[in-house]
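Here are my notes on the model you passed along. Have it open while you read, since the points go element by element.

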Amino acid sequence: MASRSIYTPVGAAPVQVYTPASVGRPHVVVFNAGPSTVYVGGAGVTASSGLALPPQTELSFANGVNAIYAAAGGVTVSGTATTNLTAAATGGLTSNISVGTTANFAAGNLVQVGTGGTSEVGTIASIPDSTHLTLAAAVVYDHRAGAAVAVVTGASTGTVKTVAGTS
Amino acid sequence: MAVITNVAIPVSGSGVLLVSAPGDVYDLVISNNAGAVVFLGTSSRVSSSNGCPIPNGQSIKLTGQGAGSTTDLYVTVASGAVSGTVGYVLTTPR
């Protein structure tokens, strides 16, 4: 059966690069067609946790039954648009996060929540008041009160090519 | 001539070290025989949220220039009540 190629731009926030077919036995090759390493995994993939895929490298799934996401690394954050959670955020549940201040944040900004292996990048959908940021989607990880929140000022960008089909 | 390493690692639970910094390899094939889906990543905190899923009984193959990773690779098993192995075959330059 014919395969289908798709090119997907990849940035700091995870983006779905492959959706398994609903019929047949799906297979997929994920190829890093960009200039920098991208990180492959689930919906919460980050540069610190995902499977590194260097440029011109490919990852083959003979039975690709799961959705695949990718994110670029090299995230840098603002030194001024920064705050902390004032209440814990629950993975998979909390999209309206409580913060100390929303000064210097704006709707549409990418923000990094947390640090280390469970840091994640999301998009500010709206700012309902001076102590809350509403993200476009719920956070993936649990974050304790006090966790850092900062606007992403830079990140690597890349392109992932997927070639998918069924047999 | 390339050097081939073929290893099977018993796995259960989360954050099991699979292979230490495979680095400069030609090919890396990881086969899941754990009895449940496993998630592959570069952090011991790899999870179903951030890891690369490998269904039970399936394998993935990493190929290309500089394939591999400069950091360790870890797996987390979706279900803790399994007792199987995750194997890998890596081909390195001699």
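The points below take chain A, then the contact between the chains, then chain B.

1. First, a caveat: this is a predicted model. Local features are described where pLDDT is at least 70, and totals for chains and interfaces use all residues.

2. Chain A comes with a domain assignment that gives two parts. Domain 1 of chain A is written in two pieces, 4-74 and 156-166, while domain 2 of chain A covers 76-153. So that you can place them, the C-alpha centres of domain 1 and domain 2 of chain A are 25 Å apart.

3. How many residues does each domain of chain A bring to the contact between them? Domain 1 of chain A puts in seven residues and domain 2 of chain A puts in eleven residues. On the domain 1 side of chain A, the residues that touch domain 2 are three nonpolar and four polar, with no charged ones.

4. Within chain A, have a look at β10, residues 110-113, which has a partner in β11 and another in β13. With β11(A), residues 120-129, β10(A) runs antiparallel over four bridges; to find the register, put L110(A) opposite T123(A). With β13(A), residues 148-154, the pairing is again antiparallel, over three bridges, and here V111(A) has V151(A) as its bridge partner.

5. On to the contact between the chains. It takes 27 residues of chain A and 25 residues of chain B. Which strands of chain A each supply at least two residues of that side? They are β4 (38-41), β5 (51-53) and β6 (57-61) of chain A. The largest share comes from β6(A), with five residues. By type, the chain A side that touches chain B holds twelve nonpolar residues, 14 polar and one charged.

6. The strand β6(A) also deserves a look for its pairing across the chains. Five bridges connect β6(A) with β6(B), residues 59-64, and the two run antiparallel. A handy place to check this on screen is S60(A), which sits opposite K61(B).

7. Chain B has zero helices and eight strands, so to speak a pattern of β-β-β-β-β-β-β-β along the sequence. The radius of gyration of chain B is 12 Å, close to the 12 Å from the globule rule for 94 residues, so chain B is as compact as a globular protein of that length. The C-alpha trace of chain B spans about 40 × 20 × 15 Å along its principal axes.

8. Inside chain B, follow β8, residues 84-92, which pairs with β1 and with β3. Nine bridges link β8(B) to β1(B), residues 3-11, in the antiparallel sense; I4(B) is opposite T91(B) there. Seven bridges link β8(B) to β3(B), residues 27-33, also antiparallel, and V29(B) has V89(B) as its bridge partner.

9. Two last numbers for chain B. Of its 94 residues, 39% count as buried. What share of the contacts between residues at least 6 apart in sequence joins residues at least 24 apart in chain B? That share is 82%.

Notes:
Residues numbered from 1 in each chain as written. Chains lettered and ligands numbered in written order. Predicted model: local features only at pLDDT ≥ 70, side-chain atom pairs only at ≥ 80, totals over all residues. Domains from an automatic or database assignment. Contact = placed C-beta atoms within 7 Å. Nonpolar A, V, L, I, M, F, W, Y, C, P; charged D, E, K, R; others polar. Pairing = 2+ DSSP bridges. Rg over C-alpha atoms; globule rule 2.2 N^0.38 Å. Buried ≥ 20, exposed ≤ 12 C-beta atoms within 10 Å, placed from the backbone.
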